[in-house]
Amino acid sequence: MLTIENLTGGYGETDILTGINLTLEAGEILTVAGTNGAGKSTLAKAVVGLLPRVNGRVTLSGSDITRIPAEQRARAGIGYVPQTANVFAALTIVENLEVVEGVKDRKQRIVEMFDLFPALNERRRARAGSLSGGERQQLAFARALMTRPDVIVLDEPTAALSPIMADESFRRIRELARTGTAVLLIEQRARQALAISHRGAIMDSGKVALEGQADGLLADQRAAELYLGVGH
Ligand SMILES: Nc1ncnc2c1ncn2[C@@H]1O[C@H](COP(=O)(O)OP(=O)(O)OP(=O)(O)O)[C@@H](O)[C@H]1O
């Protein structure tokens, strides 16, 4: 579904990412973990088309998308929920869903989003600016799902959430993958994320330091000591 080959790039002249190779199949969850500043969000931006300078190749269902702009990638099937929630504060919840571009059978899709996120349905006429961090994150997630993306890139979706809400978010991500969506999941809660993932990649200094099956990484002593935090 998504392949990243020998990806190098950054914001200016300095490379932040170097030689990244990753693949993601339909219905698969790939967790990308790693220390602060390792380049996880930069990788997300490279995939969705928001990194100014990129070398290497990104393909979606076999098509090279490395050079196409973000809006076009979104239309081609890449959804993105950035780290700081992507919602319009002055619009209500329902209006935020109504303004997403490129949605087929919009009314039906909004009903489906409210089924998936009941908390949003309860507050559908509330302005997004008045929502809690967790609700805002759900709205950003719902907005990204409106177009039924084939691949969704989630940048720390549980960062603003309580442990209980984070559990709910992980459950939702798992369900989404079961419907065939490929999920690139960037997470600080690495152990929990790996527990719902098929595979994982651990980044360090702009490179993939370790990569493999999620259960293998969870059992890997070196990964545990260096990156996952022993006992967490
Ligand atoms: N807009 C930007 N312009 C220039 N450099 C940036 C920009 N955003 C991030 N960087 C740099 O890129 C490097 C990687 O940052 P990135 O945000 O990708 O890391 P991260 O792994 O997502 O970290 P965190 O877990 O803290 O979010 C850092 O050195 C950071 O300072």
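This note sets out, in numbered points, the sheets, one helix, the ligand shell and several single residues of the structure.

1. Basis of the model. The model is predicted: local features need pLDDT of at least 70, side-chain atom pairs count only at pLDDT 80 or more, and totals for chains, interfaces and linings use all residues. Residues are numbered from 1 along each chain as its sequence is written.

2. The sheet of 6 strands. Strands (E, at least two residues) and helices (H or I, at least four) are DSSP runs, numbered from the N terminus. Two strands pair if DSSP finds at least two bridges between them. One open sheet has 6 strands in the order E6-E7-E8-E3-E9-E10, and its pairing is mixed. Strand E6 (78-81) and strand E10 (207-213) each have a single partner strand, so one side of each lacks a neighbour in the sheet. From one strand to the next, the twist averages 15 degrees. Within this order, strand E3 (residues 29-34) pairs with strand E9 (residues 199-204) in the parallel sense over 5 bridges, and Ala-33 stands opposite Ile-202 in E9.

3. The sheet of 4 strands. A further open sheet has 4 strands in the order E2-E1-E4-E5, with antiparallel pairing. Its edge strands are E2 (17-24) and E5 (63-64), each of which pairs on one side only. Strand E4 (residues 53-60) and E5 are joined in the antiparallel sense over 2 bridges, with Leu-60 opposite Ser-63 in E5.

4. Helix H1 and the sheets. Two residues are in contact if their C-beta atoms, placed from the backbone, lie within 7 Å. Axes are lines fitted to C-alpha atoms, for helices over the stretch in contact, and angles run from 0 to 180 degrees between N-to-C directions. Helix H1 (residues 40-48) lies across E3, E6, E7 (151-155), E8 (182-186) and E9, and runs at about 150 degrees to E7. H1 also lies across E1 (2-10), E2 and E4, at about 65 degrees to E2.

5. The ligand shell. Which residues surround the ligand? They are Tyr-11, Ile-16, Gly-34, Asn-36, Gly-37, Ala-38, Gly-39, Lys-40, Ser-41 and Thr-42, where a residue is near a molecule if its C-beta atom, placed from the backbone, lies within 6 Å of it. H1 gives the most to this shell, with 3 residues. The shell divides into 3 nonpolar, 6 polar and 1 charged; here Ala, Val, Leu, Ile, Met, Phe, Trp, Tyr, Cys and Pro count as nonpolar, Asp, Glu, Lys and Arg as charged, and the others, Gly among them, as polar.

6. Gly-79 and Arg-109. A residue is buried if 20 or more other C-beta atoms lie within 10 Å of its own, exposed if 12 or fewer, and partly exposed in between. Gly-79, in strand E6, is buried because 23 other C-beta atoms lie within 10 Å. Not counting residues up to four places away in sequence, Gly-79 touches several residues, including Ala-144 and Val-153. Arg-109 belongs to helix H4 (residues 106-116) and counts as partly exposed, with 18 C-beta neighbours inside 10 Å. Leaving aside neighbours within four places in sequence, Arg-109 is in contact with Val-103 and Met-146.

7. Positive phi values. Asn-6, in strand E1, has a phi near 50 degrees, a positive value in a residue other than glycine. Asn-6 is exposed, with 11 other C-beta atoms within 10 Å. Ser-61, in the loop between E4 and E5, has a positive phi of about 45 degrees and is not a glycine. Ser-61 counts as partly exposed, with 13 C-beta neighbours inside 10 Å.
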